[in-house]
Amino acid sequence: MKTSKFKKISALLLSAALALSVTACGSSDNKAADTSGSTAADTENIAVSETADAAGKGEPEDFSIVLDWYPNAVHSFIYVAIEKGYYAEEGLDVHVEFPANTNDAITMTAAGKADAGLYYQPNIISTAVNQDIPIRILGTVVQHPLNIVMSMKDSNINGAKDLKDKIIGYPGTTDNEYFVKAMMEHNGLSYEDTTMQDVGFDLNSALISGNVDAIIGAYINHEYPSLLQEGYDVTYFDITKEGVPDYEELVLVTGENQAQNESDKLARFIRASKKGYQDMVDDPEGSLQILLDNQDEANYPLNPDIETASMEILLPLMASDATGFLEVNKESWQKTADWLLKMGLLNQAADIDSLIADITQ
């Protein structure tokens, strides 16, 4: 691996300062140019330019983002934006933090210990409503489910009905409990007909060791191809074919306090992140190489073949004609909230409007 300018970040949430130099965006003489006779559009463009110049001057602001998992292809936009200086241009020094617990992205942002985090749509809604956790939605990273139920092929688990009397490993997130409940009821069974076992991040290990009969929370773009490449004979089924509706997989969130008091900082992060995503679209191979070059090889080694396949799956799911990358589709959020309420998984209706951060970009 080539020498990386990224400092390694441990799984115990020791975030690393990424040494990025910030270049001033123009001289004061240029800013003092006469704008008399400018159109309204010209004036607006000048104002935007000056704001960008101001953001790039002086010491950059620290910005911490907690990932949902260890780094993989879906996070390439962050690493690209760091490597190419997009965050630095916005006056940000971005620190990537790995979660020690599966819910760190939501608890740390709510507590103001991180600026943003990546988490899952159903969990965000249920946590905000049922536990009154002060979090806000910034935008969507992956617009459709990646989640699958995976098992060893010789277990003959081909659908939710086959989960009766089985032990299901999951990463401790409540959304997966909801999904199992919905699938079992869809097949005339009940949640109590299964045994759920929290295995944390060790989904694949739990399955191949035989400690569980199946796992949920595994992703079609990651855990499944990983086990196939290791030579394991595994199979899976799509949870949306078994009674779980379409939903948004991965979402960028922040805390209520940050949304109210640091909206400009968040807007700058989103702008730069969108540039990183566009590079993913324009040059998937080069963008993935940046991620691979800056991986934590000692703790979270990445397989280039798996990440390449993952990128191909992810890109069509990260933006659509209806919703761009890191935008919010209120209708999607409302549908998911309505489904959770119907399933008895919310103690009251969700106020989606209040959950969406008002960030002007």
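**Exercise 1. In this predicted model, work out what strand order the open sheet of five strands has, and which strands form its edges.**

Solution. Begin with the order across the open sheet, which reads β7-β6-β8-β5-β9, with mixed pairing. Next, look for strands that pair on one side only; these are β7 (195-198) and β9 (234-238), the edge strands. Going from one strand to the next, the twist averages 35°.

**Exercise 2. Determine how strand β6 is joined to strand β8, and which helix packs on the sheet.**

Solution. Strand β6 (residues 167-170) and strand β8 (residues 214-219) run parallel and are joined by two bridges. To place the register, take I168, whose bridge partner in β8 is A214. Then turn to the helix: α7 (residues 174-186) packs on the sheet and touches β5 (147-152), β6, β7, β8 and β9, while the direction of α7 makes about 120° with that of β8.

**Exercise 3. Decide whether strand β4 is enclosed or open to the outside, and find the strand with which β4 pairs.**

Solution. Residues count as buried when their relative accessible area is under 20%. Eight of the eight residues of β4 (residues 135-142) are buried, so this strand is largely enclosed by the rest of the structure. Its pairing with strand β10 (residues 250-255) is antiparallel and extends over six bridges; within that pairing, I135 has G255 as its bridge partner in β10.

**Exercise 4. Locate I356, classify its exposure, and list its contacts beyond its neighbours within four places in sequence.**

Solution. I356 lies in the segment after α15 (352-355). Its relative accessible area is 21%, and since buried means under 20% and exposed means over 50%, a value in between counts as partly exposed; I356 is therefore partly exposed. With neighbours within four places in sequence set aside, I356 is in contact with I137, V328 and K330. As for I135, this residue is 221 residues away from I356 in sequence, yet the two are 8.9 Å apart in space, C-alpha to C-alpha.

**Exercise 5. For D132 and N156, state where each is found, what phi each has, and whether each is buried or exposed.**

Solution. Most residues other than glycine have a negative phi. D132, found in the loop between α6 (121-130) and β4, has a positive phi of about 55° although it is not a glycine. N156, found in the loop between β5 and β6, likewise is not a glycine and has a positive phi of about 60°. Finally, compare the accessibilities with the cut-off of over 50% for exposed: D132 is exposed at a relative accessible area of 64%, and N156 counts as exposed at 52%.

Terms used: Residues numbered from 1 in each chain as written. Predicted model: local features only at pLDDT ≥ 70, side-chain atom pairs only at ≥ 80, totals over all residues. Heavy atoms only, no water. Pairing = 2+ DSSP bridges. Helix = DSSP H or I, 4+ residues; strand = E, 2+ residues; numbered from the N terminus. Axes fitted to C-alpha atoms, helices over the stretch in contact; angles between N-to-C directions. Contact = heavy atoms within 4.5 Å. Buried < 20%, exposed > 50% of the residue type's maximum accessible area, 1.4 Å probe, protein only.
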